[in-house]
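Welcome to a short guided tour. Please open your viewer and get your selection tool ready.

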Amino acid sequence: MNQIELKTLLADMSLEEKVYQLLQVTSGFFNQETVLTGPMRDGGFSEESIAGAGSIIGLFGAKKYKEVQHTYMQQQPHGIPFLMMLDVINGFKTVFPIPLGQGAAFDPELAGRCAQMAAKEAAVSGVHVTFSPMLDLVRDARWGRVMESTGEDCKLNADYAEAIVKGYQGEDVSEPYRIAACVKHFAGYGAPTAGREYNTVELSENTLRNFYMPAYEAAVKAGAKVVMASFNTLNGIPSTGNRHLMREVLRKELGFEGVLISDWAGIEEMINHGYASDRKHAAELAMNAGVDVDMMTGIYSKELPELIKEEMLPMELLDEAVLRVLELKNQMGLFENPYKDADENLEKEIVLCKENRKLAREAAEKSFVLLENDEILPLKQLEKIAFIGPFVDEKEIYGAWSMLANAEDTVSIKEAVLASLDDYQITFAKGTPILGAEDYQLVPDHIAEQIAKEQENLCLEELLAGAVEAAKTADKVVLTLGEHRCMSGEAASRAMLDLPAIQQKLLNAIYEVNPNIVVVLFSGRPLDLREVKAHAKAILQVWMPGTEGGNAIWNVLKGQAEPVGRLPISFPYCVGQVPVHYDEFTTGRPYKDGAKERQYLSNYRDIPNKPLYPFGYGMGYTTFSYSNLTLDTDIMREGETIQASVVLKNTGANHGVETVQLYIRDCVGSVVRPGKQLKDYQKVALNPGEERKVIFTITEDQLSFYRADGTYGCEPGEFQVFIGKDSNVEEFQSFVLK
Ligand code: GLC
């Protein structure tokens, strides 16, 4: 359809038909299996509104989609098809690493390919829109949804934002195997007070603009078709009713012209926030803020007709919202072909195909971060290795948002090892379940009940004893530890960042009989790894690696693939340090860990300032040296650039891929600036002994920020340039911007 035809259609629609276009309900209302991702309350839906709902969430499967769409369209006065939306967060059925793990690859191009793969699987299964990428900057590991972010850095997040949106959408969402991206959660949802889910967010304008906005901006600039309003209040106003944030910032400043959807029941929850007095007031606030679609409440469909009839809201506002929904359907080509890519045969051919598994394995291998290695990895053939721990044969090694993953499609570590045993002498022992009774509180109640039932006939003492025996006779122990997949994700905040207690006991028991321990760590968040570090000679952080996790882990452990990941988020010394992030301001009384003088300086009396493992950190199977940090000039004038370079050398015995990181410090600003900020990075592969000059170009845009007067740009003065292996790099060269 063209724009005139769309507007003609709009003009011919009744008030009720228009309002129903703005309702989104789960497929459960259409007697279909659904994935529930929010509380089911009595939304006050009428039969008519459900029958006319403009979009459905939670439906998947080509056959089912086509059946529901066919019946649905026959009931519509103008035959308008519904939009199908789903949380395809880290893959559809072929599951790749959680976004935090993808961020560790420092490889947005790879994440883009994964998004494209997910879009293809989802599209042939009937999905039109995914509620991804989640672009909330996160500096607090207590918050469970840290697993959905790509970490604590605004530059890295912005790079991933662009790549993932383009991976899903391509250049034209009506093209085959393309789906629309939904940027979420606008805005600032990743900074809940005390890391507690759904809690209040207080961000200064400077912090919001300079740290939390860049990723959202990059996604909108990349053409994201949908944005989701966040649950939280931002500086006292719920995003769902925040007219300034949505109409002034998102639409006017960022130029977003797509569909703005509430989060699940977000419109109704403005009553709980104390911002709306009742459902009718909530409808008025959300519509005035420019929220187009009401996810999972009946507020819009019930209250908007009255608000329009009572002239509390102008019809223009309603028409504007409905037109944006119709435009999205039109951009997807649904008026010409309401079934788009849905195809049962293609579904069988594409979903979980070998090519997709291969990509998932590559993404997993590149997401792993080697945190410690005291010359114990890679494992050598003929060594006697005991694989111990609750993840040895665990197949649910995918993130909490892997709605459609099936454990039977996943490769466990044990399956991977047995499939390519080579000349290794391997034994397996579980040692403990992931959670003991004292840890059940760390997962949702229904999961805890399921785990408790599974453990009814389990003899924990025998399990542990078997593992200790296996460890005693092994040369090395690969000890698999970590969080249950449901310990992170939505509504999964934790006040402590420890391993489950039962696993701590296993770690201690194994260490007593064999200190040659390689810990493989599964988690959706940074954990407090002090105890693990004290008991292990190697630590491989594997996040939640997805469908091909076992193969990827075995490949890296035996050196068939090298660990190339770098931390996209700081691992705190302990939870007391949180929120901790590398790009902090220096304060007026800076303190450097280890300095003798501590009094009246910014430090803790009982722990260091620095995290246990810093942003950008990671090891490989070789070593690198950095030398000759050079700037091609020490004066930069308007419109000019500076070349910064370093000589990188592989000083080890193995091939290696180094993530060379460029950081810049703006020494004086009209608002204070971070001690350093990532401005660029390059992955450089070198053979043993090989060296290469790595060159970066420094531009004015990299020096720009939202200044004290709210304008965006750079300011003259001194800048320091760092190039190194992680954010702890200290050597710098200076230049002056004139
Ligand atoms: C959830 C989440 C949001 C998700 C939506 C639909 O509450 O906050 O990220 O996309 O509901 O499942």
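Which atom of the ligand lies 2.4 Å from a polar side-chain atom of Thr-37? Select Thr-37 and you will find that the partner is an oxygen atom of the ligand. This is a predicted model, where local features need pLDDT of at least 70, side-chain atom pairs count only at pLDDT 80 or more, and totals for chains, interfaces and linings use all residues. Residues are numbered from 1 along each chain as its sequence is written, and side-chain values use heavy atoms, with hydrogens and water left out.

Next, pick Asp-87, with a polar side-chain atom 2.5 Å from a ligand oxygen. For Asp-263, the corresponding distance to an oxygen atom of the ligand is 2.6 Å. The protein covers 100% of the 310 Å² of accessible area that the ligand has on its own (Shrake-Rupley method, 1.4 Å probe).

Now show the whole shell: 14 residues surround the ligand, with Arg-145 and His-185 among those that come nearest (a heavy atom within 4 Å counts as near). By class, 7 are nonpolar, 2 polar and 5 charged.

Move on to Glu-396, Ile-447, His-484, Arg-485 and Cys-486, which lie nearest the centre of the largest pocket, among its 43 lining residues. A pocket here is an open set of points on a 1 Å grid over the protein atoms alone, where a 1.4 Å probe fits, with protein on both sides within 12 Å along at least five of seven lines; lining residues have an atom within 4 Å of a point. The volume of the largest pocket is about 1,200 Å³, and its lining has 23 nonpolar, 11 polar and 9 charged residues.

Conventions. Polar contact = N/O pair within 3.5 Å; in protein donor to acceptor, adjacent residues only side chain to side chain. Nonpolar A, V, L, I, M, F, W, Y, C, P; charged D, E, K, R; others polar. Points joined across faces, edges and corners; volume = space filled by probe spheres on them.
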